[in-house]
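Welcome! Below are some exercises to work through with the structure open beside you, each with a solution that goes step by step.

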There are 2 protein chains.
Amino acid sequence: MVTIVDVAKHAGVAPSTVSYVLTGKRPVSAETRMRVGESIRQLGYQPHSGARALAGSRTNVLALVLPLREGVHLPVVMRFASSVVTTAREHDMDVLLVTADEGAAGLRRVAGTARADGFLVMDVGLDDERVPVLRDLGRPAVLLGHPTVANGLTCVDLDFEAAGARCVDHLVELGHRAIGFLGAPGAVYARNTGFAQRTLAGFSAAAMRRGVASTALPAERHRDAVRAVVGTLLRELTRMTALVVHNEAALGWVVECLRAEGRRVPEDVAVVAICPDELAEQLRLTSVQLPADVLGRRAVELLVAKLNGQRPPALTLLPPKLFSRTGHAAPRLVVARPPQQAG
Amino acid sequence: MVTIVDVAKHAGVAPSTVSYVLTGKRPVSAETRMRVGESIRQLGYQPHSGARALAGSRTNVLALVLPLREGVHLPVVMRFASSVVTTAREHDMDVLLVTADEGAAGLRRVAGTARADGFLVMDVGLDDERVPVLRDLGRPAVLLGHPTVANGLTCVDLDFEAAGARCVDHLVELGHRAIGFLGAPGAVYARNTGFAQRTLAGFSAAAMRRGVASTALPAERHRDAVRAVVGTLLRELTRMTALVVHNEAALGWVVECLRAEGRRVPEDVAVVAICPDELAEQLRLTSVQLPADVLGRRAVELLVAKLNGQRPPALTLLPPKLFSRTGHAAPRLVVARPPQQAG
DNA sequence: AACCACGTTCGAAGCGCTTCGATTCAATTC
DNA sequence: GAATTGAATCGAAGCGCTTCGAACGTGGTT
């Protein structure tokens, strides 16, 4: 193994000088820098990360805590993870993969054994046991997907207000003049959860701004409730040709109930969902999706900023992406082109 | 931060004794062990992983190299990753996530900077640049998904021969007496790829053993070729009521062509695919799936064994899982039960 | 009673790096 | 020409752990 001492000898300098060349923490003359650089290249020197962590008390590793069990939308998680790793590498960091199964104890372990400098935690619940632990740990952390307002912690999330507005804008541009909104169960709005209200607020404001008729109703997730709400919407907003749904669990029933009422989807009633991409894909509905790639990138950038002593905003909201699926037919395979035929 | 010296003082022993209690590398009297353990608990001591890596030249980290870009089946990758992390933790190891994008240079970096003790590499190509590097690196490695026969390297893969046989057995048990096989393009069999032939061999042997009629044909991936092959199969194996397909790209066309020929799927012709689960799910076909969870677990166990100086078999084949999807209707949402109503 | 052997425990030397005060030397100033 | 500065470099002291040889008691042996 090539050590910093080997490099120093080879370049005819002290080990500390090599270190300063590497970290840039003290000025080094251009000539020395060149010479050391050349020695590093020739010897193929790579600093030992353990020694670095020990002496410098920085690991250059960030822990990514993911919900890997079933029940979450794996492709979204994966895309997010991919983006995190790529961005982390751009900052010369590595990524330690931790499952949510380990819970708060896992965070304590990773921080306590100095395996990572900071945390990226996905899928944090409203009353998550990890939040207080994260604060105690005193290590930089970025939370994802839920804007758990927590002092000292940094959160990244989709801008639900913009998402609500985006749906309206999209539908108005398609010519719709009366748009319904089927939201989460009433209780969700009562609780000050935030994201449900913000979506609704964005929807309502946009409808107002664009001068289209709109009616918004909450809905429980079971079938009968959905049927009732859909019926009410069709009655109250008689010229309704579009419906924005912000209720994952009800989404399937919504489509079914509309069809049961004799409305074709999307010909008679265009449905736009705010939900995980997978679900919309399955039902072939236009949807506002979570921009997992941007989310991952931004999360890492925020964490790196915190590691560098900066104090980024407590909450970052990402612009929603609307993905139109109208006109999609039955599932069709993506088939690669046939290989070139000889002759 | 609590160090080993703090623990030693608290327990009234030398630091080395604490180390031996922790690692078990030398005998420690039961009484001392108790006392040290108690001190560790009381002080909440957690060893510094960097210091450990430096002194002991073992990181207790394994690098997981995943293909995270599009084009691979994310859910499979994710399930595999999940299984890897869980199993690694059981062996007191952590997992460093590396993307395949980093290529061979990434492996060199991780090994060179002593970030990990060994590698788990998924989706290794037939002529992968990483294979020679992996061998040079001299670190334990386990390759997944492709049985790249490489001396010194350990591979885990699905047992394709058993997969072919499993399809036949399943169909015979359902009462089918004439089974077709639509395989990969001819060129794949010509190349000594291995897995294609093995699947076919397993299929043929099982058909023979079970005494059912069978015909196997290769197929190019484009539509016309598939139509021709399906036509030939129906003509040559006139009483064919089942078809095993080992050709991801053609799978969609196979179903379409069968229907175009007036055969209902699966009522008239049962189709069993050997392909990623996602695809079969989309087409609602019974399939042999890659047991990602077992794969992950086994891979870690093999790697840990190698880290401990053992020499596990160069190739481990996993039994295929057949997942029956006959009788599945249109996509249906899994809806949570409605919340309890008051009154 | 002196001896050996063995199970335990101790002490010290590193592992490879960062960091901080000290040192050097050339350029500037009076 | 001596004193002052400041940039560039050096040297040494750790960071917290593992590991190895040595030291320490015991109990059993001669």
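## Exercise 1: Two domains meeting in chain A

In chain A, 12 residues of domain 2 are in contact with 18 residues of domain 3 (contact means heavy atoms within 4.5 Å). Before we go on, a word on the model: it is predicted, so local features need pLDDT of at least 70 and side-chain atom pairs count only at pLDDT 80 or more, while totals for chains, interfaces and linings use all residues. Residues are numbered from 1 along each chain as its sequence is written, chains are lettered from A and ligands numbered from 1 in the order in which they are written, and side-chain values use heavy atoms, with hydrogens and water left out.

**Task.** Find the domains of chain A, then describe how domain 2 of chain A meets domain 3 of chain A.

**Solution.**

Step 1. Mark the domains. Chain A is split into domain 1 (4-47), domain 2 (61-159 + 292-323) and domain 3 (160-289); such bounds come from an automatic or database domain assignment.

Step 2. Place the two partners. The C-alpha centres of domain 2 of chain A and domain 3 of chain A are 30 Å apart.

Step 3. Look at the buried area, which is the accessible area (1.4 Å probe) that two parts lose on being put together, summed over both. For domain 2 of chain A and domain 3 of chain A this comes to about 1,500 Å², with 63% of it on carbon and sulfur atoms. Asp159(A), Leu322(A) and Phe323(A) supply 39% of the area that domain 2 of chain A buries against domain 3 of chain A, more than any other three residues.

Step 4. Check for pairings. The rule finds 0 salt bridges across this interface of domain 2 and domain 3 of chain A, a salt bridge being a side-chain nitrogen of Lys or Arg within 4 Å of a carboxyl oxygen of Asp or Glu. It does find 6 residue pairs in polar contact there (both at pLDDT 80 or more). A polar contact is a pair of N or O atoms within 3.5 Å; within protein, one must be able to donate a hydrogen and the other to accept it, and residues adjacent in sequence count only if both atoms are side-chain atoms.

Step 5. Name the elements. On the side of domain 2 of chain A that touches domain 3 of chain A, α5 (74-90), β5 (154-158) and β12 (321-323) of chain A each supply at least two residues. Here helices (H or I, at least four residues) and strands (E, at least two) are DSSP runs, numbered from the N terminus. The largest share of that side, 3 residues, comes from β12(A).

## Exercise 2: Chain B against chain A

**Task.** How many salt bridges does the rule find across the interface of chain B and chain A?

**Solution.**

Step 1. Start with the contacts: 59 residues of chain B touch 58 residues of chain A. Together the chains bury about 5,000 Å², 61% of it on carbon and sulfur atoms.

Step 2. Count the pairings. There are 6 salt bridges across the interface of chain B and chain A. One of the pairs found is Arg89(B) with Glu102(A), whose closest N and O atoms are 3.2 Å apart. The polar contacts between chain B and chain A number 16 residue pairs (both at pLDDT 80 or more).

Step 3. See where chain B's side comes from. Elements giving two or more residues to it include α5 (74-90), β2 (94-99) and α6 (103-112) of chain B, and α5(B) gives the largest share, 10 residues.

## Exercise 3: The DNA strands

**Task.** Which residues come nearest to DNA strand C, and which are closest to DNA strand D?

**Solution.**

Step 1. Take strand C. Of the 29 residues around DNA strand C, the nearest are Ile4(A), Tyr20(A), Arg26(A), Tyr45(A) and Thr32(B); a residue is near a strand if one of its heavy atoms lies within 4 Å of it.

Step 2. Look at its phosphates. A backbone N or O atom of Ile4(A) is 2.3 Å from a phosphate oxygen of DNA strand C, and a polar side-chain atom of Arg52(A) is 2.8 Å from a phosphate oxygen of DNA strand C.

Step 3. Turn to strand D. It is surrounded by 30 residues, the closest being Thr32(A), Ile4(B), Tyr20(B), Arg26(B) and Tyr45(B).

Step 4. Compare base and phosphate partners. A polar side-chain atom of Ser16(A) lies 3.1 Å from a base oxygen of DNA strand D, while an N or O atom in the side chain of Thr17(A) is 2.6 Å from a phosphate oxygen of DNA strand D.

Step 5. Finish with the elements. α4(B) gives the most to the surface near DNA strand D, with 5 residues.
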